[in-house]
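Please look over the structure below with its helix packing and its nonpolar core in mind. The briefing that follows takes these topics in turn.

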Amino acid sequence: MNRLKEMREVRGYTLDDVEGLMGIKRGTYSNYENGNTEPKLKTWQKLADFYGVSVPYLQGRYDHLTKKEALRVIHEVMTVCGISKEELKDRL
């Protein structure tokens, strides 16, 4: 199972957002998320670059992010949620 839906939702994107930001039609992306169709390798790489993760991670081939990938996801979530570094430090 791929992680396209998970990555899209973690970043707060709708299918319409993905269409506007990546140029992948909403229905096509939905089919990728649901496993109805498989992106070509070039598209997998485009999606992985967009989300800041590796293709194998996005494809669900392994269950962990690299440190760089994890930090990028954390930074994006903090930005979307308006969480500062200081606030994060105070809560940990």
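The cover over the buried residues of helix H2 includes helix H1 (4–10), helix H3 (26–33) and helix H4 (41–51), where helices are DSSP runs of H or I with at least four residues, numbered from the N terminus. This is a predicted model, in which local features need pLDDT of at least 70 and side-chain atom pairs count only at pLDDT 80 or more, while totals for chains, interfaces and linings use all residues. Residues are numbered from 1 along each chain as its sequence is written, and side-chain values use heavy atoms, with hydrogens and water left out.

**Helix H2**
- Within H2 (residues 15–22), Leu-15, Val-18 and Met-22 are buried, meaning under 20% relative accessible area with a 1.4 Å probe and protein chains only.
- These residues lie on the same side of H2 because they cover an arc of only 55° around the axis, taken from the directions from the helix axis to the C-beta atoms.
- Gly-20 and Leu-21, on the other side of H2, are exposed, that is, over 50% relative accessible area.
- After H2 comes Gly-23, which has a positive phi near 80°.

**Nonpolar core**
- The largest nonpolar core, a set of buried Ala, Val, Leu, Ile, Met, Phe, Trp, Tyr and Cys residues joined through side-chain atoms within 4.5 Å, has 17 residues, of which Leu-4, Met-7, Tyr-29, Leu-47, Tyr-51 and Leu-58 touch the most other members.
- At least two residues of this core come from each of H1, H2, H3, H4 and helix H5 (55–59), and H4 gives the most, with four residues.

Terms used: Contact = heavy atoms within 4.5 Å.
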